[in-house]
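Visitor: I would like to go through this model by question and answer. Please keep each answer short and end it on what was asked.

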Protein chains: 2
Amino acid sequence: MQSALRKFKASIFQALSHPTRIAIIDILRDGEISAGAILERLEVEQANASQHLSVLRAHHIVINRKEGNQVFYSLKNLRLVEVLDLMRVYFMEELNESVGMLAEIHQETPGVGKVTQKE
Amino acid sequence: MQSALRKFKASIFQALSHPTRIAIIDILRDGEISAGAILERLEVEQANASQHLSVLRAHHIVINRKEGNQVFYSLKNLRLVEVLDLMRVYFMEELNESVGMLAEIHQETPGVGKVTQKE
DNA sequence: TATATACATTCGCAATTACGAATATGCCAT
DNA sequence: ATGGCATATTCGTAATTGCGAATGTATATA
């Protein structure tokens with residue numbers, strides 16, 4: 001079965017393909033944190049955050065630990081952070097090269113001038 | 001607009017989140033190649049391959065060049081290959097750590113033993 | 001001009017995903 | 001036991017994605 005690996009890769013990309021899930025992973029860069037604290041930093045409904053955490057759990061991107069009332073999440077494999085950092089370089093190169101891509105892809109108002117490094 | 005970058009990142013991951021598109025990118029590692037030659041290496045319908053190429057084009061992951069009858073595709077930014085190579089390390093670590101993940105995620109028959117490096 | 005070749009696009013339709021509302025579960029305190 | 005938190009799950013629905021069949025569009029060749 002030659003394509004099983006590609007299916008797996010695709011499923012990981014799928015798990016990363018939502019802005020809220022990217023945001024969650026960014027939050028987890030700082031280390032373990034409770035689901036409630038994650039929710040505070042996201043502007044989404046509680047159920048929605050929980051659903052996205054569920055996706056990340058299903059793909060073993062995060063792990064969780066129960067402590068009394070709460071559930072603490074953390075990244076399972078820190079190598080993913082390396083990947084995302086390298087990806088950031090790619091993103092910046094692409095954004096600088098063709099300003100307006102965001103608009104093209106997401107039908108937003110196109111910006112003017114180069115994109116800077118700060119997030 | 002703080003989340004525009006994350007939307008963009010998510011949209012790139014979205015573009016990478018299909019096994020056929022991963023396969024196309026792998027083929028393009030060897031350099032420029034015609035749409036027809038890509039099709040030969042994929043076990044999908046012509047229209048389907050063209051649709052996947054369209055997605056990769058829309059996200060500026062590939063570029064194309066017309067020459068007479070044919071269309072030649074290539075990767076737009078080779079840094080993406082670096083990202084995918086690093087991702088491969090991540091994939092392998094994850095696959096080795098928990099064999100059976102493929103089965104869990106994709107409801108396939110679980111394999112036995114460690115996954116080896118060869119594709 | 002007609003026909004073929006290479007590729008892209010459109011059109012249903014089935015499957016998947018995303019979301020909020022509602023509900024459930026488990027743990028703590030009273 | 002009862003009620004309150006923290007979190008997860010289920011449900012209905014709207015939106016998006018993936019696919020093959022059919023069709024469209026260039027370009028080349030006869």
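Visitor: How many Å separate an N or O atom in the side chain of N48(B) from a phosphate oxygen of DNA strand D?
Guide: This is a predicted model. A polar contact needs a pair of N or O atoms within 3.5 Å. The side chain of N48(B) supplies one such atom and a phosphate oxygen of DNA strand D the other, at 3.2 Å.

Visitor: Which side chain of chain A has a polar atom 3.0 Å from a base oxygen of DNA strand D?
Guide: Bases of DNA strand D are also reached from chain B, where an N or O atom in the side chain of Q51(B) is 2.9 Å from a base oxygen. In chain A, the side chain that places a polar atom 3.0 Å from a base oxygen of this strand is that of Q51(A).

Visitor: Which element gives the most residues to the surface near DNA strand D?
Guide: Helix 3 (35-41), helix 4 and strand 3 of chain A, together with helix 4 of chain B, each give two or more residues to that surface. The top contribution is 5 residues, and it comes from helix 4 of chain A.

Visitor: Which residues come closest to DNA strand D, and what percentage of its atoms within 4 Å of the protein belongs to sugar and phosphate?
Guide: DNA strand D is surrounded by 22 residues, and the closest are G36(A), Q46(A), S50(A), Y73(A) and H52(B). For the atoms of DNA strand D that come within 4 Å of the protein, the sugar and phosphate share is 68%.

Visitor: How many residues of the surface near DNA strand D are polar?
Guide: The nonpolar class has 5 residues and the charged class 3. The polar class of the surface near DNA strand D has 14.

Visitor: Turning to DNA strand C, which side chain of chain A has an N or O atom 2.7 Å from a phosphate oxygen?
Guide: N48(A) has a polar side-chain atom 3.2 Å from a phosphate oxygen of DNA strand C. On the base side, a polar side-chain atom of Q51(B) lies 3.0 Å from a base oxygen. The 2.7 Å distance to a phosphate oxygen belongs to H52(A).

Visitor: Which element supplies the largest share of the surface near DNA strand C?
Guide: Helix 4 (46-58) of chain A supplies at least two residues, as do helix 3 (35-41), helix 4 (46-58) and strand 3 (70-75) of chain B. The largest share is 5 residues, from helix 4 of chain B.

Visitor: What percentage of the atoms of DNA strand C within 4 Å of the protein belongs to sugar or phosphate?
Guide: There are 22 residues around DNA strand C, and H52(A), G36(B), Q46(B), S50(B) and Y73(B) come nearest. Among the atoms of the strand within 4 Å of the protein, some belong to bases, and the sugar or phosphate part is 67%.

Visitor: Which elements give two or more residues to the lining of the largest cavity?
Guide: The search finds 1 cavity of 30 Å³ or more, and the largest cavity holds about 40 Å³. Its lining consists of I22(A), D26(A), L84(A), F91(A) and K9(B). The elements giving two or more of these residues are helix 2 (19-28) and helix 5 (79-97) of chain A.

Visitor: Why is helix 2 of chain A described as largely enclosed?
Guide: Residues under 20% relative accessible area count as buried. In this helix the buried residues include I22(A) and D26(A). Helix 2 of chain A is largely enclosed by the rest of the structure because its buried count is 9 of 10 residues.

Visitor: Is S17(B) buried or exposed?
Guide: S17(B) sits in the loop between helix 1 (4-15) and helix 2 (19-28) of chain B. A polar atom of its side chain lies 2.7 Å from the backbone oxygen of Q14(B). The relative accessibility of S17(B) is 12%, so this residue counts as buried.

Visitor: Which strands stand at the edges of the sheet in chain B?
Guide: The sheet is open and antiparallel, with 3 strands in the order 1-3-2. Strand 1 joins strand 3 through 2 bridges, and S34(B) stands opposite F72(B). Each edge strand has a single partner, so one side is left without a neighbour in the sheet; the edge strands of chain B are strand 1 (33-34) and strand 2 (62-67).

Technical notes
Residues are numbered from 1 along each chain as its sequence is written. Chains are lettered from A and ligands numbered from 1 in the order in which they are written. This is a predicted model: local features need pLDDT of at least 70, side-chain atom pairs count only at pLDDT 80 or more; totals for chains, interfaces and linings use all residues. Side-chain values use heavy atoms; hydrogens and water are left out. On a 1 Å grid over the protein atoms alone, a cavity is a set of points where a 1.4 Å probe fits but cannot get out, and a pocket is an open set with protein on both sides within 12 Å along at least five of seven lines; lining residues have an atom within 4 Å of a point. Grid points are joined across faces, edges and corners, and a volume is the space filled by probe spheres set on the points. Helices (H or I, at least four residues) and strands (E, at least two) are DSSP runs, numbered from the N terminus. A residue is near a molecule or strand if one of its heavy atoms lies within 4 Å of it. A polar contact is a pair of N or O atoms within 3.5 Å; within protein, one must be able to donate a hydrogen and the other to accept it, and residues adjacent in sequence count only if both atoms are side-chain atoms. Buried means under 20% relative accessible area, exposed over 50%, partly exposed in between (1.4 Å probe, protein chains only). Two strands pair if DSSP finds at least two bridges between them. Ala, Val, Leu, Ile, Met, Phe, Trp, Tyr, Cys and Pro count as nonpolar, Asp, Glu, Lys and Arg as charged, and the others, Gly among them, as polar.
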